[in-house]
Amino acid sequence: MSDLEAFREETRAWLEANCPEEMRQPVRDEDDVCWGGRNFQFKNDAQKAWLDTCIEKGYTVPAWPKEYGGAGLNPGEAKVLREEMRRINARPPLSSFGIWMLGPALLHFGTEGQKQRFLNEIARGEIRWCQGYSEPGSGSDLVSMQTFGEDKGDHWVVNGQKIWTSYADKADWIFCLVRTDKENKYQGITFMLYDMASEGVSTKPIKLISGNSPFCETFFDDVSVPKSYGDDCPGFVGEINRGWDVAKYLLGHEREMISGADGGARTAAIGAMLKRMVGDLDPVLRAELAMFDVDALAYTAMGEKFLDEVKVGKAHPAQPNMMKYAGTELNKRRHELMMAAGGSRALEWDSEETRGGAPSRNWLRTKANSIEGGTSEVMLNVISKRILDLPGA
Amino acid sequence: MPLYHNEDQAMLADTAGQFMSEEGSIAKQLRHWRDTECKDGFGHDFWKQFAELGFTGVLVAEDDGGLGMGHVEAGIVLEEIGRNLTPSPFLTSSVVAATALAQANDDLRGRYLPGLVSGDSVFAVAIDEGAKHRPENVACKAEKSGNGFKLTGQKDFVVHGASADMLVVAARTSGSDSDEDGITLFAVPKDASGMSHDAVRLVDSSMVTHTKFDGVELDGDAVIGEVDGGREILNKLLMAGRVGSAAEGVGVARGAMDMTVDYLKQRKQFGKLIGEFQALQHRASHLYSEVEIARAVVIKTQQLLDAGSEKADLMSSVAKAKVAKAAGLAVREGVQMHGGIGMTDEYDIGLYMKRDRALQEFMGDAYYHAGRVADMSGY
């Protein structure tokens, strides 16, 4: 038996023994997600037990090194764990922007002290992070951002406003792009880390067309941000004024996350599920579902290939943009078809049968997929420039 | 297994790529045979070069004189064939027929595989009946006659039917047209008495036949596998055909896309390279995305097929359908973005459009396979 096969058997047995039954159902919506953080309310005991078990095993961040709270799995083992979890519909024990975005950036750019502190906090679900990128005047043109940090020696005083800050009202800390040099567009931004409980930070949820408020406006009014949190633990990532490099690196991970490259519900086939749900399908809808399922199953293979290639450095560095473009357009189409199959039932906004209008609210939520983290049009621009090398792109 | 080529496979891709772009180029092969109205649609000397490189026996077991490789390797050769529009019997003889013959008994394998591997004999496959691919129905009949069979019926879209030496034929030995069981596969010599081949040239300059069987007498030892037990072999053959033609389709798509992206970097209008226009950039980038996804599902399916996975059947239809959509997009965008010269016979982009159209139909188009995905998924 190869090492990987042995690992698979071991993992299967471990999941069987440790993953609670309630955690073996696909995530239906936000309510089923465990985000962690200072103020997180567990939905049930199983959710908490599953998190605790995984923290101990390093399985909230299986591929991170053990000293930072991970399990130190190699790419092959991490893939096996993913496959085995998916096989039993095991829910992720912990989801967070710390895991998907800040963590990879710290692993790449962070000091040892930052890694020891922040990565372990993320892995244990103790601190929930949010991302301060977009501003009211800086959406697709992110680098034009104006939030400013005035240098006061051992700290900055930050003033400005961010927007589309996901879950800022629920987050404990923020990783935030702050301009520290007004003369230098690209080399005048610092990637700062600070506590959302700091004086001068306020958030205001934005109500979306879905009726939900996953995003906030975030205001900084003379917020004091320390340059250091102690020995070898600066209050910024990378170098001062070179935060754009970190931001770009992290955007790759954000796009990868939004793309659904790691499989799961966003890229699953839906024809059979909808047939079970609604009975007879109109023949033309059935045909469209069949075409969708072809695209979804093909995209799932693409996600697997992409991750395999990323692990060994074979993927084109701009490939996450392609994944984000294709994955989000697919997810939007998926929800259009689910609404069509669901008929008038899927229109219900607050009924118990629809769990408070989940079909329509989720459908509307997906419209942001091709806007957040870079619009589809920006993704196509990047592919044109960096992959196809088209002139003037 | 990771979804990229290992070192040996990458080397094979280099070899196949170099061979196909030099010896198998559009100018040397496709245009040459087309413009000389070759009745075979490919060059026999060139086919012998395939054999010298070992490509002909890529899927044939080592014990049978082949390389004993898998569908990933066959697909590598096919992708280069697609990219260069290289006409050859590789897909039909070395992939589809070889897959069926691998299921034959020692005697049959010993009789036919050495010739298939050496390139001395070419195999065609006779599956389709009518203008659309409907392999669930087999009306062509093989009735018991003495110690053998008597074959009656018609097959269509028999690629290289007139130039092949042997045909693999699916015929009904019991039951009615749409029965799952009762099918038998036969290895039939092309010039057997009672057979007639109506050869026609297709839009892509490939040569196919409508082949009639009018009481063709066959020995019992022409049977591949078991009498009435041909469905399983037929399914294997079809999977190989789908995944193989999908791999060739990826090559066609990438060839058309690369040619088009190059053109966007050369052609000037309004004082600019047309590749500077965002209207074209976005379309080219969307195309790139679709072709990448098609490539991914093809290698995934090749690996599943090589591993003998149950999922290979469903995924072979997913792959064929996805490639059909992506390659169709590639050739249509290719001709449109080339503008007027894309419509000329002199430019190669139109040849990609023609080849894609023929490949779409071979082993079933996107509509057939998407329908199959729905059927197999239970809706």
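**Close-up 1. A hairpin in chain B.** Strands β6(B) and β7(B) make a hairpin, with five residues sitting between them. In that turn, S205(B) has a positive phi of about 75 degrees. Keep in mind that this is a predicted model. The two strands, residues 195-201 and residues 207-218 of chain B, run antiparallel and are joined by seven bridges. Want one pair to look for? R201(B) has M207(B) in β7(B) as its bridge partner.

**Close-up 2. The largest nonpolar core.** This core holds 160 residues, and A298(A), V168(B) and F186(B) have the most contacts inside it. Its largest share comes from helix α7 of chain B (residues 230-264), which puts in 17 residues. Apart from this core there's another one, of 62 residues, including L81(A), L94(A), F191(A) and A247(A). As a rule of thumb, nonpolar side chains in soluble globular proteins tend to be buried together.

**Close-up 3. Around F186(B).** Now zoom in on F186(B), one of the residues with the most contacts inside the largest nonpolar core. Which residues does F186(B) touch, leaving aside neighbours within four places in sequence? It is in contact with A142(B), V169(B), A171(B), L218(B), A222(B), V223(B) and I224(B).

**Close-up 4. S176(B) in its loop.** S176(B) belongs to the loop that links β4 (166-172) and β5 (183-189) of chain B. Is S176(B) buried or exposed? It counts as exposed because it has just 10 other C-beta atoms within 10 Å, and the cut-off for exposed is 12 or fewer. N137(B) is 39 residues away from S176(B) in sequence, yet their C-alpha atoms are 8.7 Å apart in space.

How values were computed. Residues are numbered from 1 along each chain as its sequence is written. Chains are lettered from A and ligands numbered from 1 in the order in which they are written. This is a predicted model: local features need pLDDT of at least 70, side-chain atom pairs count only at pLDDT 80 or more; totals for chains, interfaces and linings use all residues. Helices (H or I, at least four residues) and strands (E, at least two) are DSSP runs, numbered from the N terminus. A residue is buried if 20 or more other C-beta atoms lie within 10 Å of its own, exposed if 12 or fewer, and partly exposed in between; C-beta atoms are placed from the backbone. A nonpolar core is a set of buried Ala, Val, Leu, Ile, Met, Phe, Trp, Tyr and Cys residues joined through C-beta atoms within 7 Å. Two residues are in contact if their C-beta atoms, placed from the backbone, lie within 7 Å. Two strands pair if DSSP finds at least two bridges between them.
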